[in-house]
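This note sets out a few points for a first reading of the structure. Please keep the sequence and the 3D view at hand while going through them.

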Amino acid sequence: MLLTLVVFLPIAAMLLCWVVPARHARMVNVAANAAVLLLCLAVANAMPSMTSLDNDLKVDKVWVPEQFFYGLHFHLAVDGLSLSLLLLTAFVSLAGAIAS
């Protein structure tokens, strides 16, 4: 659930920025980026210990079952390396939103 929010919250905030007046769009941008950074920190806290063999977080949901089409899946995963890049991206995005 956390990974899905990390992906789709910025998209929802972008759509909200189109709807709100221009003077409020920056505040929506900063708030959304701050929320994404907090979600990324929650993902980092939820990571299992690095001593286990399965040390990543995964989301795997079936969008279209195989009997209707090719069996499309929504698959997200975060391991140790991608977690550091996820945190870096969230931090830089928030810094850019504040600086703009």
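1. Contacts of T4. The model discussed here is predicted. Apart from neighbours within four places in sequence, T4 is in contact with V59, F74 and L76. T4 itself belongs to helix α1. Its relative accessible area is 23%, which lies between the 20% limit for buried and the 50% limit for exposed, so T4 is classed as partly exposed. The C-alpha atoms of T4 and K58 lie 9.9 Å apart in space, although 54 residues separate the two in sequence.

2. The nonpolar core. Which residues touch the most other members of the largest nonpolar core? They are L3, V43 and V78, within a core of 17 residues. At least two residues of this core come from each of α1, α2 (22-46), β1 (57-64), β2 (72-78) and α3 (80-99). The element that gives the most is α2, with six residues.

3. L3 as a core member. When residues up to four places away in sequence are not counted, L3 touches V43, L57, K58, V59, L76, A77 and V78. The student may select these residues in the 3D view, beginning with V43, which is also among the residues that touch the most other core members.

4. V43 as a core member. V43 is placed in helix α2. Is this residue buried or exposed? With a relative accessible area of 0%, V43 falls under the 20% limit and is therefore buried. Residues up to four places away in sequence aside, V43 touches L2, L3, V6, L57, V78 and L83. For one of these, L57, the C-alpha atom is separated from that of V43 by 8.2 Å, and the two residues are 14 apart along the chain.

5. The aromatic pairs. How many aromatic pairs does a search of the whole structure find? The search finds two. A pair of aromatic rings is described by the distance of the centres and the angle of the planes. For W63 and F74 these values are 5.5 Å centre to centre and 10 degrees between the planes, and the pair is stacked. It links distant parts of the chain, as W63 is in strand β1 and F74 is in strand β2, 11 residues apart. Ring pairs also bring F8 together with W63 and F74 in a cluster.

6. Exposure within the stacked pair. The two partners should be considered separately. W63 has a relative accessibility of 57%, and it counts as exposed because this is over 50%. F74 has a relative accessibility of 14%, and it counts as buried because this is under 20%. F74 is also one of the contacts of T4 described in point 1.

7. The nonpolar surface patch. A nonpolar patch on the surface is formed by V7, F8, I11, M14, L15, L16, W18 and V19, with about 800 Å² of accessible area together. F8 thus deserves a second look, since this patch residue also belongs to the ring cluster with W63 and F74. Another patch member, W18, is found in helix α1 (residues 2-19). The relative accessible area of W18 is 66%, so this residue is exposed.

8. A35 and A90. A35 lies in helix α2. Its relative accessible area of 27% makes it partly exposed. A35 and A90 are 55 residues apart in sequence, while their C-alpha atoms are 9.3 Å apart in space.

Terms used: Residues are numbered from 1 along each chain as its sequence is written. This is a predicted model: local features need pLDDT of at least 70, side-chain atom pairs count only at pLDDT 80 or more; totals for chains, interfaces and linings use all residues. Side-chain values use heavy atoms; hydrogens and water are left out. Patches are made of residues with over 30% relative accessible area and no salt bridge: like charges are joined within 9 Å, nonpolar side chains (Val, Leu, Ile, Met, Phe, Trp, Tyr) within 5 Å. Accessible areas come from the Shrake-Rupley method with a 1.4 Å probe; for residues, only the protein chains shown count as cover. A salt bridge is a side-chain nitrogen of Lys or Arg within 4 Å of a carboxyl oxygen of Asp or Glu. Helices (H or I, at least four residues) and strands (E, at least two) are DSSP runs, numbered from the N terminus. Buried means under 20% relative accessible area, exposed over 50%, partly exposed in between (1.4 Å probe, protein chains only). A nonpolar core is a set of buried Ala, Val, Leu, Ile, Met, Phe, Trp, Tyr and Cys residues joined through side-chain atoms within 4.5 Å. Contact means heavy atoms within 4.5 Å. Rings of Phe, Tyr and Trp (its six-membered ring) pair if their centres lie within 6.5 Å; planes under 30 degrees apart count as stacked, over 60 as edge-to-face and the rest as tilted.
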